Amino acid sequence: MRIRLRRRRFGQLIMIGTMMATVGNWMKRSIAQTSPQPPLVPSPSQSNVVNVALNINGKSHSLKLEPRVTLLDALREHIGLTGSKKGCDHGQCGACTVIVDGRRVLSCLTLMATCEGADVTTSEGLAQGDDLHPMQAAFIKHDGFQCGYCTPGQICSAVAVLNEAKNGEASYVTTDVRQKPRAVQLTDDEIKERMSGNICRCGAYPNIVAAIREVHTGKAQAQTWQFAGENETAIFDVPEMKKETGEAAA
Ligand code: FES
Ligand code: FES
């Protein structure tokens with residue numbers, strides 16, 4: 001009799017223990033579902049943000065960015081200045097060239113975090129209102145571009161090349177590098193060498209050199225092209241063509 005009572009009591013204890021364990025597990029699961037789990041990897045926007053204040057084309061900008069954002073991406077994606085182009089994104093084509101504190105840099109290889117307090121000039125900042133920079137006007141006059149993709153970088157580079165020459169900075173083809181600083185006269189070879197980091201897949205090189213030569217020497221060079229005048233367009237003045245274009249036949 002005594003043994004039977006003990007067995008019953010033992011069975012009751014096991015049942016109570018099982019029930020408590022089940023309720024405990026259920027409560028644990030409920031708590032886990034309602035309380036947010038800390039993320040394993042913090043989102044990039046919350047971590048490691050740097051503040052950069054700088055001057056771009058005469059305007060102050062203050063940005064909060066990840067440290068790995070390049071100057072090119074900051075200009076194009078965050079500030080909306082899309083003049084500087086992303087060609088190779090590897091420092092090999094020059095399409096992204098801008099001027100930082102008076103020197104040309106490849107903005108695809110320049111971290112924005114290193115530009116604190118810098119003075120940046122992009123192709124959009126070269127003109128004064130409606131007045132083009134002389135280098136921009138010379139590129140148009142000499143037809144220094146075709147598709148135009150490389151042109152903002154070419155023009156920024158060319159503007160900086162003129163300053164480098166004015167400051168007497170030698171290049172690989174400067175004949176006498178020991179000559180004490182004095183303005184370097186830019187020959188065509190000097191221009192080609194100094195602009196060799198700017199690739200133009202359209203091959204507008206001869207016209208780019210002519211444009212830079214003109215701005216450097218200040219002497220007007222002959223323009224090698226012009227808009228077609230009335231005489232040139234007269235060959236299109238035939239009734240069949242006018243019909244095709246919807247104009248009334250004479
Ligand atoms: S995009 Fe920078 S060098 Fe090509
Ligand atoms: S004008 Fe087309 S790449 Fe230079």
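At what angle do the axes of helix α3 (residues 134-141) and helix α6 (residues 205-217) cross, and how close do they come? In this predicted model, the two axes come within 8 Å and cross at roughly 140°. Angles over 145 degrees would count as roughly antiparallel, so α3 and α6 end up oblique to each other. As for handedness, α3 passes α6 in a right-handed crossing. On the α3 side, the residues that meet α6 are Pro134, Met135, Ala138 and Phe139; their partners in α6 are Ala211, Glu214 and Val215. Sorted by character, this contact has six nonpolar residues, one charged and no polar.

Helix α6 also packs against helix α4 (residues 151-166), and here the axes come within 11 Å and cross at roughly 40°. Angles under 35 degrees would be called roughly parallel, so α4 and α6 are again oblique to each other. The α4 and α6 crossing is right-handed. From α4, the contact draws on Gln154, Ala158, Val161, Leu162 and Ala165, while α6 brings in Ile208, Ile212, Val215 and His216. Seven of these residues are nonpolar and two are polar, with no charged ones in the mix.

Taken together, one α6 residue turns up in both contacts: Val215 meets α3 and also takes part in the contact with α4. The charged residue on the α3 side of the story is Glu214 of α6. In the contact with α4, the polar pair is Gln154 of α4 and His216 of α6.

How values were computed
Residues numbered from 1 in each chain as written. Chains lettered and ligands numbered in written order. Predicted model: local features only at pLDDT ≥ 70, side-chain atom pairs only at ≥ 80, totals over all residues. Axes fitted to C-alpha atoms, helices over the stretch in contact; angles between N-to-C directions. Helix = DSSP H or I, 4+ residues; strand = E, 2+ residues; numbered from the N terminus. Parallel < 35°, antiparallel > 145°, perpendicular 65-115°, else oblique. Left-handed = near helix turned anticlockwise from the far one by under 90°. Contact = placed C-beta atoms within 7 Å.
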